Amino acid sequence: MSRVPGGNVPISPNETPSSGDKDQQLEAILQRIDGLVAGKGTPDNQASIRPAPAESNHRQPSNGNPPTIKNANAPAPAPTENRASGECSFGWLTGKRDEPFIPRIPKDLYAAGVNESALEEIIMRFLLARGEATGRVIADQVKLPFLMIEPILNRLKYEQLTAYRGSNSVGDYTHVLSEQGRERAKQYLQRTTYYGSAPVRMEEYCEAVKYQSVEGQYPRREELLNAFKDLLIDRKMLDKLGPAVNSGRGMFLYGYPGNGKTSIAERITIAFGKYIWIPRAVQVDGEIMRVFDPLLHQAEETGSSGGLLKDSDVDHRWIRIRRPTIIAGGELTMDMLEVQKDRETNINESPMQLKSNCGVLVIDDFGRQRMRVDELLNRWIVPLEKRYDFLNMSSGKKTQVPFDQLVVFSTNLQPKDLVDDAFLRRIPYKIEVENPSETAFRKLFEIMSPKVGLPYRPEMIDYLITNHNKPKNRPFRNCHPRDLLLQIRNLCLYHNYPMEVKTEYIDFACDVYFSIM
């Protein structure tokens with residue numbers, strides 16, 4: 001009698017295995033392979049947990065849903081508003097609002113769309129910068145399974161471009177560049193210094209954006225109330241914002257400064273669901289362009305999903321992030337709207353609007369940018385209507401990319417004074433953020449007082465309105481309660497006074513705050 005390694009099915013030498021036995025043997029072997037791919041210990045003591053076999057080349061569950069790990073302690077997923085679940089050629093469509101798409105690990109380099117020569121260049125540039133690395137560290141750097149890059153590592157060794165400096169685990173070695181390899185790597189370095197994740201095909205990225213689009217999300221009133229739960233929003237204002245956010249297209253937020261236009265725009269993203277997946281980098285006709293930006297995107301670990309994802313089944317060339325909210329103010333220039341290539345590193349950086357796909361892009365203080373308003377309008381007038389954009393690569397090639405975000409123009413000026421009717425037509429919603437009523441103004445003081453560590457005293461608000469607002473016809477602004485309370489708090493801290501609100505403190509705060517207003 002003998003056993004399949006890692007399995008529990010005895011086989012007699014004179015016995016022909018049944019169809020069911022063959023399936024079990026095959027499944028046991030696949031478990032061992034998954035253990036090697038995941039790199040989580042030896043297959044004898046740490047076989048990965050696999051979903052039930054299905055009729056698919058990628059071995060995912062037959063219902064097309066992402067693989068799951070049974071976890072008795074994991075909370076049951078909350079009911080969500082779903083799209084139809086299923087699968088695409090490179091991932092799962094979960095049908096869940098908070099995470100509609102999950103990328104699946106490719107079965108080989110061809111399925112990954114990765115050119116072997118380009119991957120070799122990335123690996124050699126990494127070894128040149130790092131000095132030495134094990135095969136699994138290299139695999140983690142390029143975000144591909146070890147078994148997928150192992151033939152390349154073996155070939156580099158055979159061609160004497162690398163050498164071994166010892167072994168670390170079964171079938172893995174520490175790789176270093178030979179002298180010939182260092183010269184080759186320096187040649188590769190002249191093209192670009194990039195040695196990050198292997199890129200994803202641009203076509204796959206464009207398809208993934210469709211699956212995670214803000215259009216078709218249709219946030220409901222309850223979801224908007226949750227998004228604005230820390231703001232005091234007038235009911236009429238909310239009824240105007242709701243359809244605008246629901247459209248997923250674009251809007252103008254205009255009105256006097258200090259009434260919370262930027263704060264409203266920053267919170268809109270919450271209504272569209274929590275997470276999306278974006279590639280770390282994409283490939284456009286041999287050029288690599290970075291998409292993930294740690295300064296603008298907030299990465300989220302897959303483990304935060306309550307154990308619903310199996311890490312070894314996910315394509316780690318993609319990264320899970322919160323739906324992005326990207327804000328550009330007066331610093332916005334035309335260069336930020338195009339692919340930027342660093343002259344020193346020769347690395348392409350994707351433009352701001354591409355990084356904001358599947359989220360919200362806020363153009364704050366619209367009309368006060370370093371670029372002319374008509375330049376921005378001419379650049380975006382077609383993308384805003386067609387929902388796609390064209391980027392100019394450094395090679396001179398134009399490539400079409402999605403323009404899929406809710407664009408919010410926030411301004412203190414009247415939109416009709418900034419743009420013509422042709423552009424206004426492409427921004428279907430124009431919403432004025434009005435001054436708060438006296439009741440709302442008082443409520444803001446009540447909300448903000450404990451947040452800044454001061455007691456709420458209604459009689460002090462009466463004093464403020466009677467002596468500093470009405471006599472001078474000074475309008476209420478949503479920012480005044482917070483700003484004045486902070487003035488009083490700082491005064492108390494400086495003089496070591498007890499944290500309280502007095503008439504003389506209000507006089508001081510108003511004298512400083514409104515001195516030239």
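Which element gives the largest share of the lining of the largest pocket? I put this to the structure, a predicted model, and found that α15 supplies that share, with 5 residues.

Entry on the pocket. I noted a volume of about 820 Å³ for the largest pocket. Of the 29 residues that line this pocket, I listed Leu232, Asn259, Gly260, Leu444 and Asn478 as the closest to its centre. I then looked up the elements behind the lining, and found that α9 (235-247), α10 (261-267), α15 (438-452) and α17 (480-495) each contribute at least two residues. Sorted by character, the lining of the largest pocket comes to 13 nonpolar, 7 polar and 9 charged residues.

Entry on the largest cavity. I counted 3 cavities of 30 Å³ or more in the structure, and the largest of them encloses about 110 Å³. Its lining has 15 residues, and Phe445, Ile461, Leu485, Ile488 and Val501 are the ones nearest the centre. Two or more lining residues come from each of α15, α16 (458-469), α17 and α18 (503-513). I recorded 13 nonpolar residues in the lining of this cavity, alongside 1 polar and 1 charged.

Entry on the second largest cavity. I read off a volume of about 40 Å³, and wrote down the lining as Phe146, Glu150, Leu153, Asn154, Tyr164, Gly171, Asp172, Tyr173 and His175. Both α5 (146-158) and β8 (172-177) supply at least two residues of this lining, with α5 giving the most, 4 residues. By character, I found that the lining of the second largest cavity splits into 4 nonpolar, 3 polar and 2 charged residues.

Methods
Residues are numbered from 1 along each chain as its sequence is written. This is a predicted model: local features need pLDDT of at least 70, side-chain atom pairs count only at pLDDT 80 or more; totals for chains, interfaces and linings use all residues. Side-chain values use heavy atoms; hydrogens and water are left out. On a 1 Å grid over the protein atoms alone, a cavity is a set of points where a 1.4 Å probe fits but cannot get out, and a pocket is an open set with protein on both sides within 12 Å along at least five of seven lines; lining residues have an atom within 4 Å of a point. Grid points are joined across faces, edges and corners, and a volume is the space filled by probe spheres set on the points. Ala, Val, Leu, Ile, Met, Phe, Trp, Tyr, Cys and Pro count as nonpolar, Asp, Glu, Lys and Arg as charged, and the others, Gly among them, as polar.
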